[in-house]
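Trainee: I have a structure open and would like to learn how to read it. Can we go through it feature by feature?

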Amino acid sequence: MSIFEQLKRDKNTYELKKFNQKDIQQIYFVLQFNQTGAYIIVSDKNGNAIDFDYRNYSGLLRSITKNIQQAKDKNNFTIDWDNPDGEIFLHEHPYLINPLLECGFFVNSDLKLIKKHQATANLTLQITSKENDVLHASFILDIEDVTKQVLKFRFITEEYALLYEENLLIETANIGVMFNQLANFNVNQLIAQDLQKYLSLVFSYIDNITLDFNNYKVNKDLQALKAKPILVFEKVDEDQALHIRVGQMLPNTDIDFLDDYDIFRFAVINDLEQTITIRPIEQIMVEKHIYEIEKLMLSHLPKGKKKHTGIVKEENRLIVPQEIAAEFIYKNIPNLLSEYTLIGSERLKQFKIYVSKPKLNVQIGHGIDFLEGSASLDFDGQQISLFDALNQYHKNKYILLADGSHALLNEAYMQKLQRLFKKKKDNVEISLFDLPLIEELIEDKIAGEHFTKAREVFEGFNELQNTKAKLPKINAKLRPYQEQGFKWLQYLYLNKLGGCLADDMGLGKTLQTITLLCHVYLKEKTKKPSLIVMPKSLLYNWENELKKFSPELSFYIWYNNNRDLEQAKQQQIIVTTYAMVRNEIEM
């Protein structure tokens with residue numbers, strides 16, 4: 001069927017109306033607002049709503065009135081509790097907007113003509129700082145091609161806003177279905193600590209907005225931020241039943257945030273870099289986790305009693321009898337610590353359970369390549385040495401405290417402690433290069449007291465590329481990468497660290513090492529000799545290289561039969577082989 005056939009009037013249903021001059025009156029399309037949004041009423045010249053027959057009009061007025069009449073007829077046959085009066089909302093009938101603007105009878109509640117603005121606008125959220133960490137947040141419209149900001153406006157659809165003072169409709173990018181709630185996001189007293197929550201709500205409910213806040217830059221990251229499941233121990237009631245809530249949580253938010261608000265984007269604020277990154281949220285299936293937790297609880301019952309457990313489920317809450325709760329806590333909680341965050345663990349004291357993360361105390365000194373000292377775990381004032389705690393955990397999956405409580409700890413946390421801390425007699429030993437991982441585990445105050453020097457050494461590696469090499473006198477021109485290698489070796493030497501220069505064969509490792517030796521003996525005038533051990537095949541190659549690049553350095557080859565220890569000790573460098581060291585290690 002052609003388009004011409006499809007659009008022909010159905011003459012079986014089309015009724016020609018008898019003309020009556022009294023039926024024809026001037027009509028106006030009045031824009032009104034209620035809590036749901038912007039709607040249209042058809043009125044007379046005095047603004048009074050009237051009944052009308054679209055067949056009394058022609059052209060554009062006939063088309064508009066016909067569409068409105070059809071929408072009203074449809075509303076009359078539909079039960080809509082959100083629209084009991086059957087209003088014609090423009091966000092439900094956006095196709096009416098352009099004809100209304102063209103007809104010349106589209107007016108506001110004061111019967112003043114509404115026209116279309118020729119420009120478009122961008123929606124901007126302005127946040128300004130006030131006193132005492134209080135912020136002011138409000139939406140404005142930035143009109144393109146005109147340096148003008150509009151404060152008084154209201155959206156009538158997702159893409160059109162009415163400018164009150166000018167009585168103009170202006171087009172914007174689609175801001176989403178929450179357009180009618182935009183004014184609710186204007187907050188005069190916003191506490192600074194609620195900014196992350198506020199922006200997460202804004203960017204979840206409102207689309208295509210620009211943020212104007214203290215030169216912060218907004219970025220979008222498509223990598224989802226995963227919510228973590230939580231177990232909230234709410235209370236132990238008078239019947240000794242444990243009330244547990246299963247939920248989910250995002251970093252740096254309160255435990256009810258995801259339960260209270262239907263959000264799908266999260267604002268990550270970085271004050272140091274002045275960035276706000278908007279990330280999608282990957283929420284968990286809370287129902288699945290409730291099922292799994294309940295299944296674990298049921299596993300502690302005999303088969304015949306699983307139908308009458310006494311466990312009461314209320315939405316995402318479980319009310320658990322004392323006997324089942326005790327078995328669940330002792331046997332299942334340790335394995336759940338890596339997956340779940342536990343909230344309200346202080347309410348488990350009557351179960352003789354301690355599930356709070358202990359404080360790691362470290363007292364160390366600086367050594368070659370490592371930090372050495374003592375470490376312990378602090379359980380609310382009770383100190384247990386780190387290796388005693390590790391031994392207990394590996395044996396029992398818990399740590400016994402002085403009051404008889406069982407401290408249940410995250411297995412991944414304990415494994416990390418065991419990997420980072422090595423036992424050396426009665427002390428612990430930590431690799432300098434594990435320092436960032438150690439600092440993540442301890443309090444800032446402790447890190448500041450004990451790790452200041454080690455942190456300075458560690459961070460110094462990052463500055464090497466920005467420093468200029470101060471080369472000692474040597475008969476060679478070092479290439480840029482060889483200068484970098486010398487700076488690295490020199491830094492290790494100055495900070496009493498060991499290292500491995502692992503360049504490929506032929507790239508000048510010998511030259512870089514001789515350059516360091518020149519710095520040590522010719523510049524710093526060090527007295528003690530250095531021992532260089534190598535395969536026999538390289539022994540005389542080193543002799544030639546030393547004579548070639550730095551004849552000022554004195555050396556002794558410890559290899560021939562007429563070896564003289566006292567004479568060797570008078571030289572700056574002793575060169576020998578692996579076999580000689582192995583055979584004469586006691587010397």
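Trainee: Let's begin with the open sheet. In what order do its 3 strands stand?
Mentor: Keep in mind that this is a predicted model. The order across the open sheet is S30-S32-S31, and the pairing is parallel.

Trainee: Why is one side of S30 and of S31 left without a neighbour in the sheet?
Mentor: Strand S30 (530-534) and strand S31 (555-557) stand at the edges, and each has a single partner strand, so one side of each stays without a neighbour. From one strand to the next, the twist averages 20 degrees.

Trainee: How many bridges join S30 to S32?
Mentor: There are 5 bridges between S30 and strand S32 (residues 573-577). The two run parallel. For one facing pair, find Met534, which stands opposite Thr577 in S32.

Trainee: Where do side chains point in a strand?
Mentor: In a regular strand they alternate between the two faces of the sheet.

Trainee: Now an antiparallel case. Which strand pairs with S1 in the antiparallel sense?
Mentor: Strand S2 (residues 38-43) does, pairing with strand S1 (residues 28-33) over 6 bridges. Look for Val30, whose bridge partner in S2 is Ile41. S1 and S2 form a hairpin, with 4 residues between them. In the turn, Gly37 has a positive phi of about 155 degrees.

Trainee: Over how many bridges do S1 and S4 pair?
Mentor: S1 and strand S4 (residues 106-107) pair over 2 bridges, in the parallel sense. Here Phe29 has Phe106 in S4 as its bridge partner.

Trainee: Next, the nonpolar core. Which residues touch the most other members of the largest one?
Mentor: They are Leu123, Ile127, Leu141, Phe153, Tyr198 and Leu199, out of 43 residues in that core. Helix H4 (residues 195-205) supplies the largest share of this core, 6 residues.

Trainee: What does Ile127 touch, not counting residues up to four places away in sequence?
Mentor: On that count, the contacts of Ile127 include Leu195, Tyr198 and Leu199. Ile127 also touches Leu135, His136, Ala137, Leu211, Asp212 and Phe213. Apart from the largest core lies another, of 28 residues. Among them are Ile284, Val286, Met297 and Leu318.

Trainee: Now for a single residue. Is Ser405 buried or exposed?
Mentor: Check its relative accessibility against the cut-off: buried means under 20%. Ser405 has 8%, so Ser405 counts as buried. Ser405 lies in the loop between strand S26 (399-400) and strand S27 (406-407). Leaving out residues up to four places away in sequence, Ser405 touches Lys352, Ile399 and Leu400.

Trainee: On to pockets. What volume does the largest pocket have?
Mentor: Its volume is about 930 Å³. Next, ask what lines the pocket. The lining has 35 residues, and Leu501, Lys509, Thr510, Thr513 and Trp542 lie nearest the centre.

Trainee: Which element gives the most to that lining?
Mentor: H15 does, with 8 residues. Helix H14 (480-494), helix H15 (509-523), S30 and helix H16 (539-549) each supply at least two residues. You met S30 earlier, at an edge of the open sheet.

Trainee: Last, the whole chain. How many helices and strands does the protein chain have?
Mentor: The chain has 18 helices and 32 strands. Of its 587 residues, 42% count as buried. Then look at contacts with a separation of 6 or more: residues 24 or more positions apart account for 56% of them.

Terms used:
Residues numbered from 1 in each chain as written. Predicted model: local features only at pLDDT ≥ 70, side-chain atom pairs only at ≥ 80, totals over all residues. Heavy atoms only, no water. Core = buried A, V, L, I, M, F, W, Y, C linked by side-chain atoms within 4.5 Å. Buried < 20%, exposed > 50% of the residue type's maximum accessible area, 1.4 Å probe, protein only. Contact = heavy atoms within 4.5 Å. Pairing = 2+ DSSP bridges. Axes fitted to C-alpha atoms, helices over the stretch in contact; angles between N-to-C directions. 1 Å grid on protein atoms, 1.4 Å probe; cavity = no way out; pocket = protein on both sides within 12 Å on 5 of 7 lines; lining within 4 Å. Points joined across faces, edges and corners; volume = space filled by probe spheres on them.
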